[in-house]
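Trainee: I have this one open and would like to go through it with you. Can we start with how the helices pack?
Mentor: Fine, put it up.

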Amino acid sequence: MSFLARNTDPSTSHAAAARVTFADQHHTIIYNCLLEHGPKGKDGIARITRLEKVQVSRRMIEMKRKGIIVLTGQIVMSDSQRGEREWIAVISTKKGEANA
């Protein structure tokens, strides 16, 4: 199963998701942003990385499923002054062990 297609999506969507290469690049950019700048919301990440907000939004759940970022439980203000979830990078300290 791809993180870019739902179980209920048609096979054409799964085939298209399998061809996507930019998602891993976005994961790296977003992860490094969170490492370097600390916890951020989607808009803060987009501002720093110069990715589009929708690009960041699409990657956050994928990265959460991979276990490389987690929610802090905090709500931060978006650029439009609405509350949005704050994310933090998970830092692996030892094999099988991780810290946020």
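Trainee: How do helix 3 and helix 4 lie relative to each other, roughly parallel or oblique?
Mentor: They are oblique to each other. This is a predicted model, so keep that in mind throughout. The axes of helix 3, residues 42–49, and helix 4, residues 53–66, cross at roughly 120 degrees and come within 9 Å. An angle of 65 to 115 degrees would count as roughly perpendicular and one over 145 as roughly antiparallel, so oblique is the class that is left.

Trainee: And which hand is the crossing?
Mentor: Right-handed, as helix 3 passes helix 4. On the helix 3 side the contact is made by K42, D43, I45 and A46, and on the helix 4 side by K53, V56, S57 and M60.

Trainee: What classes of residue are in there?
Mentor: Four nonpolar, one polar and three charged residues make up the contact of helix 3 with helix 4.

Trainee: Which residues of helix 3 are buried?
Mentor: D43, G44, I45, A46 and T49. Of these, D43, I45 and A46 are also in the contact with helix 4.

Trainee: K42 isn't on that list. How does K42 count?
Mentor: As partly exposed, because its relative accessibility is 22% and buried means under 20%.

Trainee: What does K42 touch, leaving out its neighbours in sequence?
Mentor: K53, V56 and S57, and also E84 and R85, once residues up to four places away are set aside. K53, V56 and S57 belong to the helix 4 side of the contact. E84 and R85 fall within strand 3, residues 83–89.

Trainee: How far is K42 from M60?
Mentor: Their C-alpha atoms are separated by 8.3 Å, and the two residues are 18 apart along the chain.

Trainee: What happens just after helix 3?
Mentor: R50 takes a positive phi of about 65 degrees there.

Trainee: Switching to the sheet. What order do its strands take?
Mentor: The order is 1-3-2, in an open sheet of three strands with antiparallel pairing. Strand 1 and strand 2 are the edges, each pairing on one side only.

Trainee: How many bridges hold strand 3 to each of them?
Mentor: Two bridges pair strand 3 with strand 1, residues 40–41, and six join strand 3 to strand 2, residues 69–77.

Trainee: Which residues pair up with strand 1?
Mentor: K40 has W87 as its bridge partner, and G41 has E86.

Trainee: And on the strand 2 side, what stands opposite E84?
Mentor: V76. E84 is also one of the residues that K42 touches.

Trainee: What about the hairpin of strand 2 and strand 3?
Mentor: There are five residues between the strands, and Q81 in that hairpin takes a positive phi near 65 degrees.

Trainee: Zooming out, how many helices and strands does the chain have?
Mentor: Four helices and five strands. Along the sequence the pattern reads α-α-β-α-α-β-β-β-β.

Trainee: How much of the chain is buried?
Mentor: 31% of its 100 residues count as buried. As for contacts between residues at least 6 apart in sequence, 42% join residues at least 24 apart.

Definitions and conventions:
Residues are numbered from 1 along each chain as its sequence is written. This is a predicted model: local features need pLDDT of at least 70, side-chain atom pairs count only at pLDDT 80 or more; totals for chains, interfaces and linings use all residues. Side-chain values use heavy atoms; hydrogens and water are left out. Two strands pair if DSSP finds at least two bridges between them. Axes are lines fitted to C-alpha atoms, for helices over the stretch in contact, and angles run from 0 to 180 degrees between N-to-C directions. Angles under 35 degrees count as roughly parallel, over 145 as roughly antiparallel, 65 to 115 as roughly perpendicular and the rest as oblique. A crossing is left-handed if the near helix is turned anticlockwise from the far one by less than a right angle, and right-handed if clockwise. Contact means heavy atoms within 4.5 Å. Ala, Val, Leu, Ile, Met, Phe, Trp, Tyr, Cys and Pro count as nonpolar, Asp, Glu, Lys and Arg as charged, and the others, Gly among them, as polar. Buried means under 20% relative accessible area, exposed over 50%, partly exposed in between (1.4 Å probe, protein chains only).
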